[in-house]
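This report describes a single protein chain. The sequence and the model are shown first, and the description follows.

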Amino acid sequence: MRRTRVRAAIAAGVVAALAVGGIAGWALLRDDAKASPKKRAAAPSTTMTTTTTTTTPKPVAAVTATQKVPEITAYQDAVETSAAVTKLSAKTEYGLPRTFLVTDQSSHPGWLNVLLPVRPNGSSGWIKASDVTLGTSDYEIRIELGAHKLTLLKLGQPVLDSGVVIGADKTPTPVGKFYVTDPLDLHSQPNAGYGVFALGISGYSDVLTSFKGGPGQLAVHGTNNPGQVGQNISNGCVRVPNDIIEQIAAQAPLGTPVTIVA
C-alpha cells in the first residue's frame with residue numbers, strides 16, 4: 001500500500017512537471033515568435049513595362065489655290081460681312097496666275113484660309129473656295145540662314161541642298177513662312193543680276209519698301225558668282241548657284257511652301 005502511494009506520488013509529480021514544462025515551453029515559443037517572427041519568402045517582383053509606339057505623321061502635299069475670278073477678296077473672317085484684308089487681281093505683277101498657299105480648308109466649309117502675298121509678312125485671310133482651283137505641291141524649300149543652307153524637300157525627304165548667299169546686316173533676309181508666287185525664267189537676261197532663274201516669293205524685305213521700281217519683294221534666285229555662297233551680302237533675297245535654282249524651278253510649282261528659319 002505504501003509502495004502504491006509512493007508510485008502515485010511520483011507519477012503525479014511527473015505529470016505536474018510535464019504540465020508545467022509544457023506551458024513554459026509554449027510560452028517560450030510564443031515569446032520567441034514575438035521576438036523573431038519567421039520571415040516569409042519575398043514574392044518575386046514583377047515589373048510592368050509599357051511600350052508606347054509613336055507614329056510620326058506621314059508628310060502630305062501642300063495644298064495650293066489658284067484664283068479663277070478677275071478679283072478676289074480675302075476676308076478677316078470666314079464671312080463676307082467681315083472686314084476685307086485685301087483684294088487681289090487674277091494675275092501677279094509678272095503676269096502669272098495668282099496662287100495662294102492654303103493653311104486651313106476644313107474648319108469653315110466653303111472657305112479657305114490662305115497666306116497672302118502682301119505686307120506685313122505672314123498675313124493671311126479667308127477666301128471663297130468657289131473662287132479658286134485647288135492644287136498641290138509635294139515640295140518645300142527650306143532655308144537656314146545661320147547655316148547658309150537651302151534644302152529642297154519632297155514630302156519631307158531632302159532631294160537636294162546647297163549653300164546660299166543671304167541678306168546683308170542692313171538688309172537682312174526675314175524669317176517666316178512664305179510660298180512661291182512668281183517663277184521667272186531669266187536665261188534671256190543673263191546679266192540682270194538674278195542668275196538664270198528667279199522664284200519670287202510671297203514675302204517682302206523688312207527694311208526696303210521698294211527696290212529697283214518694285215515693292216521690295218523677296219526671291220530665291222540664281223547667281224553668276226557661286227563663289228559668294230556663304231556670305232551675307234544680298235539685299236534680302238537668297239541666292240544659289242545657277243544649276244541649283246534650275247533644278248528647284250523644274251520641280252517646285254506655284255504655291256510651293258518656302259520656310260526661312262534663323
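The text below covers the overall make-up, the nonpolar cores, the salt bridge, one histidine and the largest pocket.

**Overall make-up**

The model is predicted. The protein chain has 17 strands and 2 helices. Of its 262 residues, 38% are buried. Among contacts in the protein chain with a separation of 6 or more, 58% are between residues 24 or more positions apart.

**Nonpolar cores**

The largest nonpolar core consists of 25 residues, and Ile141, Ile143, Leu150, Ile248 and Val258 have the most contacts inside it. Two or more residues of this core come from each of strand 8 (139-144), strand 9 (149-154), strand 12 (176-185), strand 13 (197-204), strand 14 (217-223), strand 16 (238-241), helix 2 (242-251) and strand 17 (257-261). A second core, separate from this one, has 18 residues, including Ile72, Phe100, Leu112 and Val118.

Which residues surround Ile141, leaving aside its neighbours within four places in sequence? Ile141 is in contact with Leu150, Thr151 and Leu152, with Val180, Leu199 and Ile248, and with Thr256, Pro257, Val258 and Thr259.

Thr151, one of these contacts of Ile141, lies in strand 9. Is Thr151 buried or exposed? Its relative accessible area is 8%, and Thr151 is therefore buried, since buried means under 20%. Not counting residues up to four places away in sequence, Thr151 touches Glu140, Ile141, Arg142 and Glu144, and also Pro158, Leu160 and Asp161.

**Salt bridge**

How many salt bridges does a search of the whole structure find? The search finds 1. The pair is Lys128 and Glu80, with the closest N and O atoms 3.0 Å apart. Lys128 belongs to strand 6 (residues 124-128), whereas Glu80 is in the loop between strand 2 (71-75) and strand 3 (84-89), so the salt bridge ties together parts that are 48 residues apart in sequence. Both partners appear in the table of accessibility values below, with Thr151 and His187.

| Residue | Relative accessible area | Class |
|---|---|---|
| Thr151 | 8% | buried |
| Lys128 | 24% | partly exposed |
| His187 | 41% | partly exposed |
| Glu80 | 48% | partly exposed |

**His187**

His187 is found in the loop between strand 12 and strand 13. With a relative accessible area of 41%, His187 is partly exposed. Leaving aside its neighbours within four places in sequence, His187 is in contact with Val196, Phe197 and Glu246. For the pair His187 and Phe197, the C-alpha to C-alpha distance is 6.9 Å, and the two are 10 residues apart in sequence. The side chain of His187 also makes a polar contact with the side chain of Asp185, at 2.6 Å.

**Largest pocket**

The largest pocket holds about 580 Å³ of space. Its lining is made of 28 residues, and those nearest its centre are Tyr94, Tyr194, Phe211, Gln217 and Cys237. Strand 12, strand 13 and strand 14 are the elements that give two or more residues to the lining. Which element gives the most to the lining of the largest pocket? Strand 14 does, with 4 residues. Strand 12, strand 13 and strand 14 are also among the elements that give two or more residues to the largest nonpolar core.

Technical notes:
Residues numbered from 1 in each chain as written. Predicted model: local features only at pLDDT ≥ 70, side-chain atom pairs only at ≥ 80, totals over all residues. Heavy atoms only, no water. Core = buried A, V, L, I, M, F, W, Y, C linked by side-chain atoms within 4.5 Å. Buried < 20%, exposed > 50% of the residue type's maximum accessible area, 1.4 Å probe, protein only. Contact = heavy atoms within 4.5 Å. Salt bridge = Lys/Arg side-chain N within 4 Å of Asp/Glu carboxyl O. Polar contact = N/O pair within 3.5 Å; in protein donor to acceptor, adjacent residues only side chain to side chain. 1 Å grid on protein atoms, 1.4 Å probe; cavity = no way out; pocket = protein on both sides within 12 Å on 5 of 7 lines; lining within 4 Å. Points joined across faces, edges and corners; volume = space filled by probe spheres on them.
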